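Here is a short walk through one protein and its ligand, written to be read with the structure open beside you. Take a moment to turn the view around before reading on.

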Amino acid sequence: MKKLGLLGHPVSHSMSPKLFADKFSKAGRLDLEYLTYDLPEISDFNTFTANNPDIVALNVTTPHKESIIPYLSEIDEEAQAIGAVNTLLKANGKWMGYNTDGWGFRRSMQPFLRGRHESALIFGTGGAAKAVAYSLKTLGIACYFVSRTPEKQRQMSNVIGFNELTPEAIKHHLLLINCTPLGMEPDTDGCVQIPWQGVGKDHLVVDLVYNPDVTTFMTRAIEKGAEAMNGCDMLRLQAEKSWDIWLKNGL
Ligand code: NAP
């Protein structure tokens, strides 16, 4: 049995095992099994893979999408440009890294984009936020990150603090994207703190969180007349792309 799985911390809430079990069953691949692997410290990656030689491919989730990079032999061009990896494949004993989040995000939200969505505020600065920013740039949409962490505001370009957000800034950026884990089961009341009076009917609000279906962030935006979508389509699409990469590379 070849093992695949999701590596992160925490991973117990993940929908990926069910998603991939369905894929394996449809493809008649009884030789594959997809599990979750909780790894609190990425510094344990080499020991973890050495102790689990049956693992041939992995998805990577929070908080390891960026910190995994030094442990890989090679990463592809898109993952390099984004600076984060969410898909791994073992080839000849070496781990290769790819990023399918950017592709999944772009494909999931493109049908909702209108000409007025020229600039975006991205809440969070982690691996998913970077993939979202990369995708939006390829679509010609300007991006600004919003962070609660002062070091990020110093280290990265185009980052402002939540305390700097004004209703005017919110009115100006008609695309608002939550790339933080706030609002995810079981903490479903969680939501970014923004000046909601700036949100209106021309806004498109995207929450990368996919559980629950309608998050507090989405509910608050819908109350202001905005259009809102969750991260379910992105989750499905990024998984499809991972599956394609694995199959093309001999899984
Ligand atoms: P990550 O690398 O851990 O980054 C999350 C970022 O959110 C952090 O960098 C942090 O930014 C911010 N953050 C964390 N806790 C916060 C809090 N309490 N208040 C405000 N900001 C907070 O995680 P990730 O991999 O980017 O994933 C982020 C979320 O997107 C997760 O919920 C994940 O499940 C979801 N996601 C969904 C999909 C999908 O397919 N739908 C794909 C990827 C990720 P600062 O320190 O700068 O504030």
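Let's begin with a helix. In this predicted model, helix α9 covers residues 232-248, which makes 17 residues. From the first C-alpha to the last, α9 reaches 25 Å, close to the 24 Å expected at 1.5 Å a residue. Several α9 residues are buried, among them Met234, Leu235, Leu237 and Gln238. Further along α9, Ala239, Ser242, Trp243, Ile245 and Trp246 are buried too. Just after the helix comes Gly250, whose phi is positive, at about 90 degrees.

Now to the sheet. Six strands form an open sheet in the order β2-β1-β3-β5-β6-β4, and the pairing is mixed. At the edges sit β2 (32-38) and β4 (74-75), each of which pairs on one side only.

Strand β3 is a good place to look at that mixture up close. This strand runs over residues 55-60 and is mostly covered, with six of its six residues buried. Strand β1 (residues 2-8) pairs with β3 in the parallel sense, over five bridges. Two positions let you find this pairing on screen: Gly5 stands opposite Leu58 in β3, and Leu6 has Asn59 as its bridge partner. With strand β5 (residues 87-91), β3 pairs in the antiparallel sense, over three bridges. Asn59 turns up here as well, standing opposite Thr87 in β5. Asn59 of β3 is thus a handy landmark, with Leu6 as a bridge partner and Thr87 of β5 opposite. As you look along the strands, keep in mind that in a regular strand the side chains alternate between the two faces of the sheet.

Which residues are closest to the ligand? They are Thr62, Thr125, Ala128, Ser147 and Thr149, out of 23 residues that surround the ligand. Three polar contacts are set out below.

| Residue | Protein atom | Ligand atom | Distance |
|---|---|---|---|
| Ala128 | backbone N or O | oxygen | 2.8 Å |
| Ser147 | side-chain N or O | oxygen | 2.5 Å |
| Gly231 | polar backbone atom | nitrogen | 2.9 Å |

Taken alone, the ligand exposes 910 Å², and the protein buries 86% of that. Ala128 and Ser147 appear both in the table and among the closest residues. For Ala128 the contact comes from the backbone, whereas for Ser147 the side chain supplies the N or O atom. Gly231 uses a polar backbone atom, and its partner is a nitrogen of the ligand.

Notes. Residues are numbered from 1 along each chain as its sequence is written. This is a predicted model: local features need pLDDT of at least 70, side-chain atom pairs count only at pLDDT 80 or more; totals for chains, interfaces and linings use all residues. Side-chain values use heavy atoms; hydrogens and water are left out. Helices (H or I, at least four residues) and strands (E, at least two) are DSSP runs, numbered from the N terminus. The expected span of a helix is 1.5 Å times one less than its number of residues. Buried means under 20% relative accessible area, exposed over 50%, partly exposed in between (1.4 Å probe, protein chains only). Two strands pair if DSSP finds at least two bridges between them. A residue is near a molecule or strand if one of its heavy atoms lies within 4 Å of it. A polar contact is a pair of N or O atoms within 3.5 Å; within protein, one must be able to donate a hydrogen and the other to accept it, and residues adjacent in sequence count only if both atoms are side-chain atoms. Accessible areas come from the Shrake-Rupley method with a 1.4 Å probe; for residues, only the protein chains shown count as cover.
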